[in-house]
Amino acid sequence: MMISEVSEKFDIPQDTLRYYERIGLIPHVNRNKSRIRDYTEEDCRWVEFIKCMRGAGLPIEVLIEYVGLFQQGDETVEARKELLIEQRTQLKARMEDMKKTLERLDYKIARYETGLVQTEKTLRRPED
């Protein structure tokens with residue numbers, strides 16, 4: 001699959017895919033005879049994994065560490081698991097903070113709506 005197809009499939013700019021490859025987030029992508037990137041299904045699974053993890057807020061540095069551990073082989077399974085558990089814990093904490101922020105915003109919006117209704121009532125003419 002060409003980079004343009006991968007870019008479209010995952011809604012990721014081609015420059016971002018090149019960057020991910022350059023910093024090692026996507027392990028070696030093969031090239032065809034013309035030196036054009038030729039993404040395999042495995043490469044696409046890496047792209048999907050990275051997109052998901054980035055969407056969840058995982059830092060690039062953590063993902064680089066994870067890919068590096070993965071490339072070292074099965075002896076790093078526990079280290080990779082611990083890395084993911086740590087990131088999960090941090091994600092849950094961020095989600096809780098976001099939940100509190102959402103509740104606060106809902107409260108403020110409700111206050112505005114209540115105040116707006118009261119203000120609008122004062123603008124109406126009394127019925128004759």
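This passage walks through the salt bridges, cysteines, backbone angles and surface charge of one protein model. The model is predicted, and local features need pLDDT of at least 70, while side-chain atom pairs count only at pLDDT 80 or more and totals for chains, interfaces and linings use all residues. Residues are numbered from 1 along each chain as its sequence is written, and side-chain values use heavy atoms, with hydrogens and water left out.

Salt bridges come first. Side chains of opposite charge can pair when their charged atoms come close. Here a salt bridge is counted when a side-chain nitrogen of Lys or Arg sits within 4 Å of a carboxyl oxygen of Asp or Glu, and the structure has two of them. One joins R18 to D15, with 2.8 Å from N to O. Both partners belong to helix α2 and are three residues apart, or about one turn of the helix. (Helices are DSSP runs of H or I with at least four residues, strands are runs of E with at least two, and numbering goes from the N terminus.) In terms of cover, D15 is exposed because its relative accessible area is 57%, and R18 is partly exposed at 28%; the cut-offs are under 20% for buried, over 50% for exposed and partly exposed in between, using a 1.4 Å probe and protein chains only. R18 can also be placed relative to S4: the two are 14 residues apart in sequence, and their C-alpha atoms are 11 Å apart in space.

The other bridge pairs R37 with E21, and here the closest N and O atoms are 2.5 Å apart. This pair ties together distant parts of the chain, with E21 in helix α2 and R37 in the loop between α2 and α3, 16 residues apart. R37 counts as buried, since its relative accessible area is 16%. E21 is likewise buried, with a value of 16%.

Next, the cysteines. A disulfide would need a pair of cysteine sulfur atoms within 2.5 Å, and the structure holds zero. For C44, the nearest cysteine sulfur is that of C52, and it is 15 Å away. C44 itself is buried, given a relative accessibility of 2%. C52, also in no disulfide, is partly exposed at 47%.

Turning to the backbone, most residues other than glycine have a negative phi. D11 goes the other way, with a positive phi near 55°. Its location is the loop between α1 (3–10) and α2 (14–22), and D11 counts as exposed because its relative accessibility is 67%. R35 is another non-glycine residue with a positive phi, about 70°. R35 is found in the loop between α2 and α3 (41–55), and its relative accessible area of 57% makes it exposed.

Finally, the surface charge. E65, E78, E82 and E86 form a patch of negative charge on the surface. Such a patch is built from residues with over 30% relative accessible area and no salt bridge, with like charges joined within 9 Å. Asp and Glu count as negative and Lys and Arg as positive, leaving out His and the chain ends. Helix α5 (residues 77–123) supplies the largest share of the patch, three residues. E78 is one of the residues located in helix α5.

How values were computed
Patches are made of residues with over 30% relative accessible area and no salt bridge: like charges are joined within 9 Å, nonpolar side chains (Val, Leu, Ile, Met, Phe, Trp, Tyr) within 5 Å. Accessible areas come from the Shrake-Rupley method with a 1.4 Å probe; for residues, only the protein chains shown count as cover. The place of a charge is taken as NZ of Lys, CZ of Arg, CG of Asp or CD of Glu.
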